[in-house]
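Here is a friendly tour through one protein fold, written for someone who likes to follow along in the viewer. Have the sequence and the model open side by side, and let us begin.

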Amino acid sequence: MSKLIYLDNAATTAVYPEVLESMKPYFTEYYGNPSSIYGFAAKSKKAIEDSRSTIAGFLGAKPNEIYFTGGGSESDNWALKAVAEAYQGKGNHIITSKIEHHAILHTCEYLEKRGFEITYVDVDEDGVIKLDELEKAIRPTTILISVMFANNEIGTIQPIKEIGKIAKEHNILFHTDAVQAYGHVPINVEELNIDMLSASGHKINGPKGIGLLYIKNSVKIGSFIHGGAQERSRRAGTQNVPGIVGFAKATELAAATMESRSAYETKLRDYLIDQVLSKVKYAKLNGHKTKRLPNNVNIGFEFIEGESMLILLDQAGVCASSGSACTSGSLDPSHVLLAIGVPHEKAHGSLRMTLSEKNTKEEIDFVVEQIAGNVERLRSMSPLYEDFVKKQEKK
Ligand SMILES: *Cc1c(COP(=O)(O)O)cnc(C)c1O
């Protein structure tokens, strides 16, 4: 098979042709600055406001509660830093989880250095946040709870409604990093009691470098980028008009296909999981079996290095990812896998495959065959595995 098999949709996605087409006129034809006065620029301005309405409708928000940013990381940074600054008169305590994206965790570390106190709440072995611990962590000085909607490594979906309810009962703001959930599972910010939400274009077949922060009108936080009056003066800078248009188009498509796409992906996901677990010994699914993103598969293999598996898969034209952060230059195992109780030595042997509706059963069959062969090959070179098998035989 010489065709590329792309199973890394949690990292980024292809821009859909319809999305690209929707963007094109705003590069070449309607290039006016949306802040300019003349009629020509009104085209760009209208495109932004229409996009804002589309996205607000999708989230159950008001259009003036949607702020366009440069991506998910920026939205996460803005939410945390701005709440910390605006609410420091009330307190200096923030609650988050141990399995957040680094855009949240590293921002929390930054805030800790500046005198804020952060509680990192535990998750259970499936990656679901412990609600009793979350509630116990609340102090009179707690100003924010930030818990991701769905995890980018293991796909676990959090009990967002319950967290929103707890936050509301205690009069604490609730932010969620919904970058992985947006467009994959239904989200209504009113019903879920969400005060702030981050999403990103390139994770849902939209362009890179565009994101949003939903800020409920009752939340009083400051600007992130100072300058012009764009985005109600809260995020200055000439808007990325084509990016915004593409993000809205991708949102529209995601909304229209969500049900059928998620049904298809869930079937393919469970097929892939079943096939791998039945063909490979000493393999285990990471994350919750059902409370998980329709397209996420994360499997831990004992006695292999995830990195070696990725290299072998790459040679067969398969793009996947490993649970460990080795690829980013660090040898530390994934904080998410450690948080769900995967022992240090096993946390290096995981493989994440995130599907799209473009993937087929034939592709999955090919990948399963590759994985089974690669595991055998890698284990045959592992002295640890040899010892393990000898011990098993003695029993
Ligand atoms: C990808 C991702 C981000 C970062 O989004 P960018 O648009 O790439 O900055 C943040 N949080 C989660 C959960 C993600 O998966």
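In this predicted model, strand E7 (residues 196-200) and strand E8 (residues 211-215) run antiparallel and are joined by 5 bridges. One place to look is alanine 199, whose bridge partner in E8 is leucine 212. On another pairing of E7, the sense changes: E6 and E7 pair in parallel, over 3 bridges. There, threonine 176 stands opposite leucine 197 of E7.

How well covered is E7? It is mostly covered, with 5 of its 5 residues buried. In a regular strand, side chains alternate between the two faces of the sheet. Following E7 along, Met196, Ser198 and Ser200 point one way, while Leu197 and Ala199 point the other way, and all are buried.

Now zoom out to the whole sheet. It is an open sheet of 7 strands with mixed pairing, in the order E2-E8-E7-E6-E5-E3-E4. At the edges are strand E2 (66-69) and strand E4 (117-121), each of which pairs on one side only. On average, neighbouring strands of this sheet are turned by 20 degrees against each other, direction ignored.

Which strands does helix H3 touch? Helix H3 (residues 39-59) packs on the sheet and touches E2, E7 and E8, and its direction makes about 115 degrees with that of E2. Helix H4 (residues 72-86) lies across E2, strand E3 (93-97), strand E5 (142-146), strand E6 (173-177), E7 and E8. The angle at which H4 runs to E7 is about 160 degrees.

Next, the nonpolar interior. The largest nonpolar core has 62 residues, and those with the most contacts inside it are Leu59, Ile145, Phe149, Ile194, Leu197 and Leu212. Helix H8 (residues 241-279) gives the largest share of this core, 7 residues. Another core, of 30 residues, lies apart from it and includes Phe301, Ala316, Val318 and Val368.

Leucine 212, met above as the bridge partner of alanine 199, deserves a second look. Leaving aside neighbours within four places in sequence, leucine 212 is in contact with Ile55, Leu59, Ile66, Tyr67, Phe68, Thr69, Ser75, Tyr182, Leu197, Ser198, Ala199 and Phe247.

On to the aromatic rings. A pair of aromatic rings is described by the distance of the centres and the angle of the planes. The count here comes to 12 aromatic pairs. Two of them are set out below.

| Aromatic pair | Centre to centre | Angle between planes | Geometry |
|---|---|---|---|
| Tyrosine 31 and phenylalanine 40 | 5.0 Å | 70 degrees | edge-to-face |
| Tyrosine 67 and tryptophan 78 | 5.7 Å | 80 degrees | edge-to-face |

What sets the surroundings of these rings? Tyrosine 31 has a relative accessible area of 55%, so it counts as exposed. Phenylalanine 40, at a relative accessible area of 35%, is partly exposed. Tyrosine 67 and tryptophan 78, by contrast, are both buried. Their pair links distant parts of the chain, with tyrosine 67 in strand E2 and tryptophan 78 in helix H4, 11 residues apart. Elsewhere, Tyr282, Phe303, Tyr385 and Phe388 form one aromatic cluster.

Two lysines also sit over rings. Lysine 43 lies over the face of tyrosine 30, at 4.8 Å from the ring centre. Lysine 81 lies over the face of tyrosine 110, at 4.8 Å from the ring centre.

Finally, a word on the backbone. Most residues other than glycine have a negative phi. Asparagine 171 has a positive phi, near 60 degrees. Where is asparagine 171 placed? Asparagine 171 lies in the loop between helix H7 (160-169) and E6, and its relative accessibility of 62% makes it exposed, because the cut-off for that class is over 50%. Serine 233 also has a positive phi, near 65 degrees. The loop that holds serine 233 is the one between E8 and H8. Serine 233 counts as partly exposed, because its relative accessibility of 37% falls between the 20% and 50% limits.

Methods:
Residues are numbered from 1 along each chain as its sequence is written. Side-chain values use heavy atoms; hydrogens and water are left out. Two strands pair if DSSP finds at least two bridges between them. Helices (H or I, at least four residues) and strands (E, at least two) are DSSP runs, numbered from the N terminus. Axes are lines fitted to C-alpha atoms, for helices over the stretch in contact, and angles run from 0 to 180 degrees between N-to-C directions. Contact means heavy atoms within 4.5 Å. A nonpolar core is a set of buried Ala, Val, Leu, Ile, Met, Phe, Trp, Tyr and Cys residues joined through side-chain atoms within 4.5 Å. Buried means under 20% relative accessible area, exposed over 50%, partly exposed in between (1.4 Å probe, protein chains only). Rings of Phe, Tyr and Trp (its six-membered ring) pair if their centres lie within 6.5 Å; planes under 30 degrees apart count as stacked, over 60 as edge-to-face and the rest as tilted. A charge sits over a ring if NZ of Lys or CZ of Arg is within 6 Å of the ring centre and within 35 degrees of the ring normal.
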